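Hi,

Here is the structure I promised to pass on. Have a look at it first, and then read my notes underneath.

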Amino acid sequence: MASNQERETQLRREILDKVAEYAELKFAPTAFSPGRDLVHYAGRVFDADEVTAGVDSVLDFYLTANRFSEEFEADFADTVGVSDAYLVNSGSSANLVAVTALTSPKLGDRRLEPGDEVLTVAAGFPTTVAPLLQNQLVPVFIDVGLGDYTALPDRIEEAIGPRTRAIMMAHTMGNAFDLDAVMSAVNRHNLWLIEDNCDALGTTYRGKWTGTFGHLATSSFYPAHHITMGEGGCVMTRDEELGRIVRSVRDWGRDCYCAGGENNTCGKRFSQQFGTLPFGFDHKYIYSHIGYNLKTTDIQAAIGCAQLRKLSGFVDARKRNFQRLHRALEPYQDRLILPHATEHSDPSWFGFVITVREDAGFTRADLVKHLEVRRVETRALFAGNLLRHPAYIDIPHRVVGDLKNSDLITTGTFFIGVYPGLDESQLDYMIESFHEFMKRG
Amino acid sequence: MATPRKIRCSVDIIESHGAHVYTLHLTPERELPRFEAGQFLQMTIDAYDPSAFWPESRAFSIASHPRERDRIEIVYSTVGTYTKRMEEELRVGSEVWVKLPYGEFVIHADRDLALIAGGTGISAFTSFLRDLDPTEADGHRVHLLYGARVPALLLHAEEFQAKAALGDRMTVDLMAESAEGAPAVTQGRISVDRIWERLANAAERVFYLSGPPPMIAAISQGLRDRGCADEQIRIDAWE
């Protein structure tokens, strides 16, 4: 007679085997039908591993962060090369937590104060900039280059003023910004650096992973990104003090670092003095920050663990697909600005960014319409010039130099996919679609 | 703090020092996460299912060196029901679970230091002291004041004394409530007066305190009475 424990183990195995069988059937690859099937710009790339991992976690029914979250945070930190990784519920939340962490009173004179300036770029995703405004900081915008879409390095020094205290920029579309120039400014002016690494998991700069240069860095695990857990993100650091602050900001602002469902990990739960509270007030409910609850579930983390094991292959596929598209479109460089890596960068590309030249004889709208009609999915380079959006028109900010390229991106730039879900036939079809458009003259 | 991990371990050696004081040598089933000298772990001797809640556990300073990611050493004395269970139930080959690392009691030798240890509180300093180069000419000085009930419970005392003899940087002062037959050990209890007697620049040092709560309370109060600022007093206190 099997014990309950043995029966439970056996049932779990049977369930997971069935789930794997189901997933292999349900999500089996199908042949691409050109012109009929959409060629996505990005998407989940998964197999039975992720589905069974998710169900495995559901069978635990712990729900909130537990063994899979712990495994993901530790393995992700090791993979990237940082000491601390903190899961949050999105890349945008990661940016919010990272910026808010730098306002912590625990940082003393180094904390960011309302009105302090943070150097960034205007052409990108809004939630690189939104957390600055949410923390009453002032973004200072500089322009980006066409083709690499990262901050113009020669504008960085010029942009730093007496109140500039930090730099927060994205490695846009996987392409590392000029970290030599940025780190030089960071060190010379004693600035904080937050790398928004949401588009760039696996990118290296001088052989070192992006996300390891800044005081803090962020990742996104939205389905369009390099790995996914549906909704998810991560804040990374090599600074243990910042790590503790990040955890606190993520976890309601509490001082205690016990995981959910755990008590008195520090051994001092009822024997500390904080603020004007009575001595020994329960440490689990002591708040050292104005925080949020931005945690993930263990189900998301379980899926993330399965994805993380595939990251290396995903990065290789992105690079391969990028090269394939680049080679095929090189003949059209008189009309299209093709993407290129910044010096010393080996990008784990997020997408293949194209800017239609002003004298191309056609517009971005013409080309995008052609591709979309042929069911090749396109996307704008996120917000383009963010300052042209309704929510951002009246924000407090400073612009250094002009934002000419950011405006050109707003009118002339788009991207197509390089994600690992694209197969040879889809890539052939994408290339053929460009050939057809260009032949029209 | 590196992301804490829960790791299954086997008990390899149980070293009895007498008077219900033990050193446990554990082998983890996988590499330990990075940790720093002075940090602690939580250990449970109960069965643990990683898909469920963490069972009752206790905190122990990690006495092994941070560079040793394939073994763990902890020290305990039987002072309550849980450590009594440890004494009764743990055998060589027993399975235990640990989660680590935790804690902010990390020793920074950026000023002259005085490490004050009572009993098994020495385990919070062990990895730091083992890593210390006593011959480093321009290194900050480190004084260890270490007390126990009897000389036999001054764990690693000979190792620390031998290290101190190699250079001028490190000094060791051993005390026991009963020091009979141990000429290198002074009879008595550790006290702030004793520190001031032995150290010319005592008031300028940073003090790290690890040991029983009454000792911590008495020494920290004594240091404040001598004019030491709160920033000079670092405490590894447990409930």
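Below is what I found, going from the sheet in chain A to the helices around it and then to chain B.

One thing to keep in mind throughout: this is a predicted model.

**The sheet in chain A**

A good place to start is the open sheet of eight strands in chain A, whose order is 1-9-8-5-4-2-3-14. The pairing in that sheet is mixed. Its edges are strand 1 (84-88) and strand 14 (398-399) of chain A, each of which has a pairing partner on one side only. As general background, the strands of a sheet pair through backbone hydrogen bonds, in either a parallel or an antiparallel way.

Two of the pairings are worth finding on screen. Strand 2 (residues 117-121) of chain A runs parallel to strand 3 (residues 138-142) of chain A, and five bridges join them. If you click on T120(A), you'll find that its bridge partner in strand 3 of chain A is F141(A). The other pairing is between strand 4 and strand 5 of chain A, which is also parallel and has five bridges. There, M168(A) sits opposite I194(A) of strand 5 of chain A.

Strand 5 of chain A deserves a second look. How many of its five residues are buried? Five of the five are, so to speak of it as mostly covered is fair. W192(A), I194(A) and D196(A) point one way from the strand, while L193(A) and E195(A) point the other way. Note that the buried set includes D196(A) and E195(A).

**Helices against the strands**

Helix 7 (residues 179-189) of chain A lies across strand 4 (164-170) and strand 5 (192-196) of chain A. Its direction is at about 160 degrees to strand 4 of chain A. In the loop between helix 7 and strand 5 of chain A you'll come across N190(A). This residue has a positive phi of about 55 degrees, although it is not a glycine. N190(A) has 8 C-beta neighbours inside 10 Å, so it counts as exposed.

F61(A) is another residue of that kind: its phi is positive, near 55 degrees, and it is not a glycine either. You'll find F61(A) in the loop between helix 2 and helix 3 of chain A. With 10 C-beta neighbours inside 10 Å, F61(A) counts as exposed.

Helix 8 (residues 240-250) of chain A lies across strand 1, strand 8 (216-220) and strand 9 (233-237) of chain A. Relative to strand 1 of chain A, helix 8 runs at about 10 degrees.

**Helix 4 meets helix 8**

Helix 8 of chain A also packs against helix 4 (residues 91-101) of chain A, at an angle of about 120 degrees and with the axes 9 Å apart. Helix 4 of chain A is therefore oblique to helix 8 of chain A. The crossing is right-handed. On the helix 4 side of chain A, the residues that meet helix 8 are V97(A), T100(A) and A101(A). Their counterparts in helix 8 of chain A are L242(A), I245(A), V246(A), V249(A) and R250(A). By class, this contact has six nonpolar, one polar and one charged residues.

**The enclosed helix**

Which helix should you look for inside chain A? Try helix 9 (residues 298-308): 11 of its 11 residues are buried, so the rest of the structure largely encloses it. The buried residues include D298(A), Q300(A), C305(A) and L308(A). Among the elements that cover them are helix 2 (48-60), helix 3 (67-80), strand 1 and helix 10 (311-329) of chain A.

**Chain B**

Between the two chains, 17 residues of chain B are in contact with 22 residues of chain A. The side of chain B that touches chain A has 10 nonpolar, three polar and four charged residues.

Within chain B, a cis peptide bond joins L100(B) and P101(B), with omega at about 0 degrees. P101(B) belongs to strand 6 (residues 95-102) of chain B.

Lastly, take a look at M43(B), in strand 3 (residues 40-44) of chain B. Is M43(B) buried or exposed? It is buried, with 22 other C-beta atoms within 10 Å. Leaving out residues up to four places away in sequence, M43(B) touches S57(B), R58(B), F60(B), I74(B), V96(B) and V98(B).

Enjoy exploring!

Note on methods:
Residues are numbered from 1 along each chain as its sequence is written. Chains are lettered from A and ligands numbered from 1 in the order in which they are written. This is a predicted model: local features need pLDDT of at least 70, side-chain atom pairs count only at pLDDT 80 or more; totals for chains, interfaces and linings use all residues. Two strands pair if DSSP finds at least two bridges between them. Helices (H or I, at least four residues) and strands (E, at least two) are DSSP runs, numbered from the N terminus. Two residues are in contact if their C-beta atoms, placed from the backbone, lie within 7 Å. Axes are lines fitted to C-alpha atoms, for helices over the stretch in contact, and angles run from 0 to 180 degrees between N-to-C directions. Ala, Val, Leu, Ile, Met, Phe, Trp, Tyr, Cys and Pro count as nonpolar, Asp, Glu, Lys and Arg as charged, and the others, Gly among them, as polar. A residue is buried if 20 or more other C-beta atoms lie within 10 Å of its own, exposed if 12 or fewer, and partly exposed in between; C-beta atoms are placed from the backbone. Angles under 35 degrees count as roughly parallel, over 145 as roughly antiparallel, 65 to 115 as roughly perpendicular and the rest as oblique. A crossing is left-handed if the near helix is turned anticlockwise from the far one by less than a right angle, and right-handed if clockwise.
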